[in-house]
Every structure is written in C-alpha cells, then in structure tokens.
Amino acid sequence: MDKLYWLDQIKPLDRTKVGDKAFYLSRIMQHGYPVMPGFVVSADVLREFLETLNSSESLVADLPYSSLHLDIANWRQLQQVAIRLRQEIMTANVPPQWVSTIFQAAQQWQANYLILRPTLALSTVIPGFGNTSGLLESIFCPCNEEAIAKALKQTWNQLFRARSLVYWQRLGISLQQINLAVLVQPVYNAIASGLLSANSSGWKIEATWGLGVAITQGDVLPDAYYIQRDTGVVLERHLGNKMLAYRLKDALSVDTSESIPQQVATIVDNTDILADVVEEAQQKQYALQEEYLQQLITLGNQLVSELGKNFTIKWTISEQTPVNPVLRPSGVTSEVTPQENQSAKLTLGDLCSQGPALKTPARDWLPNLYLTQVSSPQSAIPDLQFIKGLGAAAGRVAATAYVIVNSQHRPEQIPKGVILVVSTITPDWLPILQEVVGIVTQQGGLTSHAAILARELGIPAVVSAADATVLIENGERLLVDGDRGEVYRIKKDLAYTKAEGENYELNSHNNPITPSPHALITPNLPMIATQLLVNLSQPSLIEQAQSLPVDGVGLLRSELMLLGTLKGKHPHSWLMDGRKGELLEQWCERIMEFARAFAPRPIFYRSLDWRSHELSSSTHSLHSMLGDRGTFSYVSNPAVFELELTALATVQKAGYSNLHLLLPFVRSVSEFSFCRQKVEQAGLTQIPQFQLWIMAEVPSVLFLLPEYVKAGVAGISIGSNDLTQLLLGVDREQGQLTKVFNERHPAVMGAIAQLIQMAKTAGIPCSICGQAPAIYPEMIEQLVQWGITSISVEPEAVERTYQAIARAEQRLILEAARRKFQ
C-alpha cells in the first residue's frame with residue numbers, strides 16, 4: 001500500500017482507484033463545501049490483499065483473476081462458494097504496516113470511532129450497472145488497529161456475498177473490472193442528522209435527533225420539510241415522531257448519519273452505541289433549527305451546479321468540530337505524520353475559510369454542519385430519472401403513468417394499459433388492476449396486498465417507492481422493473497421497439513435494457529413427492545393455471561374471487577338489501593368455475609377474510625392492522641358465513657367432491673367449534689372426502705394445535721404472512737419496515753418447524769401458502785427436510801418452486817443413501 005488518497009486531494013485520474021462515492025464527495029469538498037474529512041484505501045490495496053491469500057484451493061488461489069462466473073441457479077453451491085471465499089478473507093491477515101498507516105492517519109481526527117464505506121467504480125462501462133447500496137454496505141468500528149483490520153476485511157468480503165456474485169454474473173462483470181476502494185471517515189456525536197433529497201419536482205429534507213441510523217433503521221419518523229426547488233420556499237413542515245436518539249457510549253449526545261442497512265445492524269449490535277429515549281418536550285420540537293434549515297436549502301441550491309437536479313446528501317450537525325489533516329501541497333496524496341499534525345491542526349472550518357487548495361471561493365457555512373455522503377442516481381439508461389423501491393412482482397414494462405394521489409377514493413375505472421401509481425392498494429382495487437400493466441405504490445412490503453395481487457395477476461410491480469405520487473406526474477412515461485424494484489421516468493426522445501404495455505426493449509444508442517423473458521415450464525420435470533399447489537383467486541387465470549404442474553389449488557382466496565361480483569359492497573350489504581338469492585347464485589357460479597376446472601384435483605377454499613376497512617361499504621370506520629378478521633366475524637355475525645357454506649354445499653351437491661374448506665385467522669378452539677357446527681349443519685361433512693382445515697397464522701396455534709385436532713381439524717395451512725407480522729409485531733403493509741418483516745427470522749422459522757412437527761405428531765397434513773417460499777426459495781429445502789406435506793405458491797413461482805423441491809428431495813435421498821452405506 002503506497003499511499004492514502006485524502007478527499008481534499010483526489011484528482012480526476014484517481015476516480016477508478018477511489019470509487020465513485022469518494023470521488024463525488026471529494027469533488028464537492030474541493031469546491032468549498034463542508035464535507036466530513038476522510039481518506040481512501042484504494043482499490044489496488046484489495047487486489048494486493050487477494051494476491052497474498054495463501055490457499056491450496058484453486059478457487060481461492062485464482063481469485064484475483066477469476067471471472068466469478070458460477071452456476072447461480074444452484075443456490076446451495078452458490079452459498080457454499082460465497083461462504084468459503086468470505087471465510088478465507090476473514091481468516092487472512094492484513095499486513096500490519098497497512099493497518100498502522102490507516103490507524104496513524106485516522107488518529108489525527110481524535111475520534112473514537114470510524115466508518116468504512118465501500119466506494120466502487122468499474123473499469124469499463126457495463127449496461128445495466130446501477131446503485132449497489134444493497135450489496136456493499138458500510139462498516140462501523142472503534143479506532144484501534146485490531147478493529148480497523150477486521151472492518152477492512154468485512155468491507156472487502158462483501159464482494160463475495162451470494163447476492164453480490166449473482167449481481168456481478170447477471171451483468172457480466174468480472175473481478176478484474178471491479179475497483180473496490182474503502183473510504184474512511186471519523187464518527188462523532190451529533191446534535192441532529194438527516195437527508196436532503198433533491199429532484200426536478202421538489203426537495204425533501206428529513207431530520208432527527210442524534211445519529212442518522214435512527215432514520216435508516218426506521219426507529220423514528222423524522223421531521224420532514226418539503227421545499228420548492230426554484231425559490232427555496234418551505235411549502236410544508238411535518239413534525240415527526242422522534243422517540244429515540246442514538247449516541248456514542250462515551251459521550252452525552254449522539255452521532256452522525258453514517259449508516260446503510262448492514263451497517264445499521266452492525267451499529268445497533270455494538271455495545272459502544274446506545275439508544276436513548278428522547279424527553280417528551282424535546283420530541284415535540286423540530287430537530288433542525290431554522291438557521292440550519294436555511295443553510296441546507298442554500299447548500300442544496302449550490303450543489304445543483306455540481307451534481308445536477310437529482311441527488312441525495314446525508315448531513316450531520318456535529319457536537320464536535322472534526323480535526324482535519326494538515327493541508328498538503330496541491331497534488332500530494334501522502335500520509336501525514338503525527339509531527340506534521342501537531343504543528344498544523346486545521347479544522348474543516350479553517351479549510352473552508354482559508355482554502356488555498358480550493359478551486360472556488362470558500363463559503364460561510366454554519367459551524368459543525370457537515371456532509372457525510374452524496375449520491376446521484378445511477379441509471380442503466382442515460383436521460384432517465386430513477387426511483388428506488390422494492391421489487392414486488394417480476395417483469396418489466398413501459399407505459400404511461402396514471403397517478404392517483406388520494407388512494408382512499410378508488411376510481412370506478414382507469415384507462416387500459418397504464419402503469420398505476422398510487423399510495424397504497426386494498427383488495428377492493430382488484431377489478432381495476434386487471435386493466436393496468438404495471439403497479440407502483442408508495443407504501444407496502446413484499447407481502448402487502450399490492451404485491452400479492454400483482455404476483456397473481458402477473459403484473460410487474462414496485463412497492464415502497466417513496467414519494468412516487470409526488471415525483472411522478474400523470475401521463476408521464478415510465479419504465480417499471482419489478483425484478484430490481486426500480487422505476488424510471490423516461491424522456492420523450494427515447495423510442496420503444498414494442499408497443500406500450502408489453503415487455504419492452506428500449507432503444508438507446510448506448511445502454512439498452514432488455515426484456516425479462518416470460519416464465520416457461522420446462523418439459524420433462526422430475527417427479528416430486530411433496531405436493532405443489534397454486535394460489536388463485538381470479539377466474540381469468542384458471543386456464544393458465546390448469547396447465548401448470550400442480551396437484552391442485554392450495555389457497556382459493558374467496559374475498560378476491562368475489563370482488564368483481566360484489567361491486568364494492570360488503571356481502572352483508574347485499575343481505576340487508578334483500579339480494580341474498582342473487583348473491584348466492586353468483587357465489588355458486590364462481591366456486592364452480594374453479595371446482596370444474598381442477599377436478600379431481602383438490603381445491604382448498606379459504607372462507608372470507610376481510611379486515612374491516614377493506615371494502616368501501618364496510619360499517620367499520622376504524623383502520624387497524626387486524627380489524628374484524630377471520631372466524632371471529634363469523635361468530636359475531638354468522639349470516640354471511642352461513643350463506644358462504646350454502647354456496648359450497650350447492651357446488652358439492654352438483655358432483656364436485658374436490659372442495660375443502662380453510663378457516664382463516666382462527667383465534668381459539670371455541671371459534672373453530674362454532675364454525676365446525678355450522679359446516680355440519682350445511683351438510684358439507686356428509687361427503688367423506690371433505691376436509692375442514694384451519695390457517696395456522698395466529699401464534700396461539702403453536703400452543704393449541706393438539707386441542708384443535710381433537711376438535712376436528714383435519715389439516716393446517718401455514719399463513720407465513722400473518723404469522724410473521726404477529727410474531728414480530730410488524731405491519732406487513734409498511735414497506736419501510738421490510739428489514740424487520742423477515743419471514744426467515746429465527747422466531748418465524750422456529751414456529752414453522754414446530755407446526756410441521758406438531759402436525760406430523762398429530763397425523764394431519766401440513767401445507768404452507770404464504771409468500772415466504774416464493775420470495776425466499778432457499779427456505780424450501782428446510783421445509784422439505786422438516787416434512788412439509790405441500791407448498792402452495794403464486795402461478796409465476798410454480799416452476800422455480802417445483803425445481804427447488806426436486807433438488808431438496810434429491811439431496812435428502814442422496815444423504816440417506818450415503819448414511820445407509822457408511
């Protein structure tokens with residue numbers, strides 16, 4: 001390692017050595033902006049480190065020259081390779097002289113903690129290469145040599161995560177093209193921290209007390225200021241809910257806005273970082289003083305000339321003025337000795353006021369306001385503006401935006417072939433969703449109604465796209481990438497090779513985006529023992545689903561099936577209006593369509609499961625996460641449930657014995673017993689093939705399953721969506737809580753394993769019909785190992801789930817054979 005690259009001395013030719021993140025930050029620092037000081041460990045250092053790895057394994061020995069091309073379809077092998085490479089890096093030694101150089105340079109800041117930020121650049125232009133913040137994340141560490149060495153290796157080894165390997169291979173990127181440097185900056189306590197997000201429509205400033213991790217983690221709702229871009233006028237102010245503030249353990253206040261997702265976990269787990277409850281009086285105050293607010297607006301206006309109209313900066317108001325490295329002669333990028341530092345300790349304020357090396361006149365910034373990160377959206381296509389969300393339903397589509405600002409008022413109809421942009425979606429939107437070709441929502445997670453409906457309908461969708469209804473204009477041309485979770489605002493001068501509303505290939509002279517291929521069912525699929533079922537609700541999808549390699553319908557969502565029939569009215573309203581006979585007739589017709597199409601394959605019909613606010617004619621006004629759900633509503637008002645059972649019995653008597661009943665959201669054995677009595681009175685149990693199951697989604701089932709079985713439960717279907725939100729206390733409709741709503745959480749996986757085992761002990765079948773297996777196919781191997789009877793997924797996930805089940809079963813057979821002959 002020859003040298004460190006200080007932010008105030010980085011030159012244009014250094015860009016591939018220091019990476020884009022550090023390069024942009026150095027650019028604005030050298031133009032007189034108040035940037036938190038730092039230096040870069042160049043990308044060449046990583047290459048030197050990889051070449052020193054001493055291993056007899058060819059995989060490791062060839063690593064510096066590897067193409068990284070692996071069989072990314074083989075998830076087990078991919079995980080094994082990723083784990084092996086990362087272990088090799090973590091067990092290797094970073095040369096002590098390197099660590100000493102970094103430590104001595106960092107000591108100048110007189111900071112107890114450091115942040116190591118990955119900063120990446122590619123040596124060649126790669127079409128489709130974009131934001132890598134989800135792949136390469138910052139690492140927080142104490143300022144000592146041992147911690148620095150470990151954090152450096154943690155930063156480097158992220159190149160070889162499984163998801164990183166997949167990303168590089170999909171874009172055709174080899175290791176030789178990747179230049180990964182590390183930006184090192186000090187971490188101090190902070191009075192307040194936040195973000196400024198700028199775009200052509202307007203600006204948004206967010207602020208919270210203390211360390212900015214509170215915002216990134218979702219622990220607070222920050223104060224928000226909406227700014228008119230051209231005038232700098234504050235259009236709206238919203239006081240947030242800032243109950244927590246993070247601070248360093250050895251000080252009385254909090255720190256800077258350093259974090260990105262993995263770093264958040266690292267910080268929160270670190271005992272040197274504490275979360276304090278903010279006093280009630282302080283919670284009611286804005287974290288950003290007026291003078292600092294105006295300073296940020298001024299700063300943002302000036303940054304437009306540096307970064308363009310679309311950028312995001314992270315800022316902090318530090319309690320301490322960082323000690324900045326001594327000014328070096330222009331062009332010098334060497335380390336600063338402690339002796340030099342003692343003779344000339346200049347603060348960043350000194351640098352901005354004196355600034356002999358600056359390219360533009362210094363500005364008078366308020367004390368202790370510093371920028372810690374700056375980013376401009378990187379797009380796969382020039383002249384596109386980019387909005388990031390969560391990819392909820394696969395596929396890509398280009399069409400015109402139809403923006404609905406107030407989602408509480410659902411329109412009766414919308415133009416056909418548009419991309420719907422809306423705050424949130426409830427189930428009663430389903431009829432109009434069948435007219436759209438893409439969906440973008442501001443709210444919602446991967447198991448929200450918008451995501452589930454989009455996956456079933458096969459519509460590309462992005463959820464949790466912040467401020468989408470504000471940033472996107474009605475009639476604007478959009479390109480929605482449901483695989484990546486990205487929405488592009490397209491300039492009019494770009495042309496399409498296909499008509500709007502179809503999967504596209506965009507004509508750009510430089511970087512085309514190619515369409516996602518349609519899912520095709522591979523012929524001659526291997527036999528599997530685990531039953532594979534499909535989740536359905538729409539009659540229009542029956543013909544497509546019939547040809548899939550499934551053993552039946554594992555979840556027929558009755559409430560979605562009926563939406564077109566109900567025309568926005570709750571079934572109770574139909575009864576009150578004297579239209580019981582008309583509703584019964586249409587209900588029977590809908591059920592019979594599915595029963596006829598799949599006979600003799602089984603259909604597990606889930607009875608109505610509406611939350612009280614999800615139909616416009618509901619008599620309940622309270623909007624709650626649970627509402628008047630499941631079998632509780634049958635007990636309190638049995639008329640609709642009795643009509644539903646009559647419809648099922650009518651179809652059964654017409655000769656369709658493949659119908660079974662799934663009771664949703666069962667809270668107690670007494671509720672189940674009530675429903676079973678109604679089922680018997682309707683005559684459904686007179687046919688011996690009929691089975692009465694329950695959804696295993698309320699956590700009490702973990703304790704009561706033996707009692708349910710004694711009461712007559714013939715099988716269970718695990719609803720992983722609701723089970724997860726109830727076990728973890730997280731609303732699955734809130735996209736900003738995605739990191740918390742994790743169906744792979746040990747508590748959730750433990751509960752699923754326990755339910756499967758309890759079902760085996762009781763001698764009843766156990767299925768799973770939530771979104772978890774489709775979203776996280778790596779779970780399937782564990783489900784098969786635990787002995788799941790069947791797995792039910794959306795139509796779009798059938799083939800990959802089939803293949804995953806086959807691989808899991810094959811591995812179990814091979815392992816059993818090996819044990820037999822040992």
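The paragraphs below lead through a predicted model, from one enclosed strand outwards to helices, single residues and salt bridges. Local features are described where pLDDT is at least 70 and side-chain atom pairs where pLDDT is 80 or more, whereas totals for chains, interfaces and linings use all residues. Residues are numbered from 1 along each chain as its sequence is written, and side-chain values use heavy atoms, with hydrogens and water left out.

A convenient place to begin is strand β3, residues 113-122, where helices (H or I, at least four residues) and strands (E, at least two) are DSSP runs numbered from the N terminus. Because 10 of the 10 residues of β3 are buried, this strand is largely enclosed by the rest of the structure; buried here means under 20% relative accessible area, exposed means over 50%, and partly exposed lies in between, with a 1.4 Å probe and protein chains only. The cover extends to both faces of β3, with Tyr-113, Ile-115, Arg-117, Thr-119 and Ala-121 buried on one side and Leu-114, Leu-116, Pro-118, Leu-120 and Leu-122 buried on the other.

Strand β3 has pairing partners, and two strands are said to pair if DSSP finds at least two bridges between them. With β4 (residues 139-142), β3 pairs in the antiparallel sense over four bridges, and within that pairing Phe-140 is the bridge partner of Ile-115. With β5 (residues 178-187), β3 also pairs in the antiparallel sense, here over 10 bridges, and Ala-121 stands opposite Asn-179 of β5.

Strand β5 also holds Gln-185, which counts as buried because its relative accessibility is 0%. The side chain of Gln-185 is joined to that of Arg-117 by a polar contact of 2.7 Å, a polar contact being a pair of N or O atoms within 3.5 Å in which, within protein, one must be able to donate a hydrogen and the other to accept it, and in which residues adjacent in sequence count only if both atoms are side-chain atoms. A polar atom of the Gln-185 side chain also lies 3.1 Å from the backbone oxygen of Met-36. Once neighbours within four places in sequence are set aside, the residues in contact with Gln-185 (heavy atoms within 4.5 Å) include Leu-7, Leu-25, Trp-109 and Thr-372.

Helix α5, residues 96-107, has β3 among the elements that cover its buried residues, together with others including β2 (39-41) and α6 (145-156). Those buried residues of α5 include Trp-98, Val-99, Ile-102 and Phe-103. The 12 residues of α5 should span 16 Å at 1.5 Å a residue, and the end C-alpha atoms are 16 Å apart, which agrees; the expected span is 1.5 Å times one less than the number of residues.

Further along the chain, Met-695 lies in strand β31 and is buried, with a relative accessible area of 3%. Its C-alpha atom is separated by 10.0 Å from that of Cys-766, although the two residues are 71 residues apart along the chain. Glu-697 is found in the loop between β31 (692-696) and α25 (701-711). Is Glu-697 buried or exposed, and which side chain of opposite charge is nearest? Glu-697 is buried yet has no salt bridge, and the nearest such side chain, Arg-629, is 4.7 Å away; Lys and Arg count as positive and Asp and Glu as negative, while His and the chain ends are not counted. A polar atom of the Glu-697 side chain does, however, lie 2.7 Å from the backbone nitrogen of Phe-665.

A search of the whole structure finds 28 salt bridges, each a side-chain nitrogen of Lys or Arg within 4 Å of a carboxyl oxygen of Asp or Glu. In one of them the side chains of Glu-456 and Arg-557 meet at 3.0 Å, N to O. Glu-456 lies in helix α15 (residues 449-457) and Arg-557 in strand β28 (residues 553-557), so this pair ties together parts that are 101 residues apart in sequence. Glu-456 counts as buried at 3% relative accessibility, and Arg-557 counts as buried at 5%. Another salt bridge, of 3.1 Å, N to O, joins the side chains of Glu-290 and Arg-237. This pair links distant parts of the chain, with Glu-290 in helix α11 (residues 290-307) and Arg-237 in strand β9 (residues 234-238), 53 residues apart. Here Glu-290 is partly exposed at 39% relative accessible area, and Arg-237 is partly exposed at 37%.
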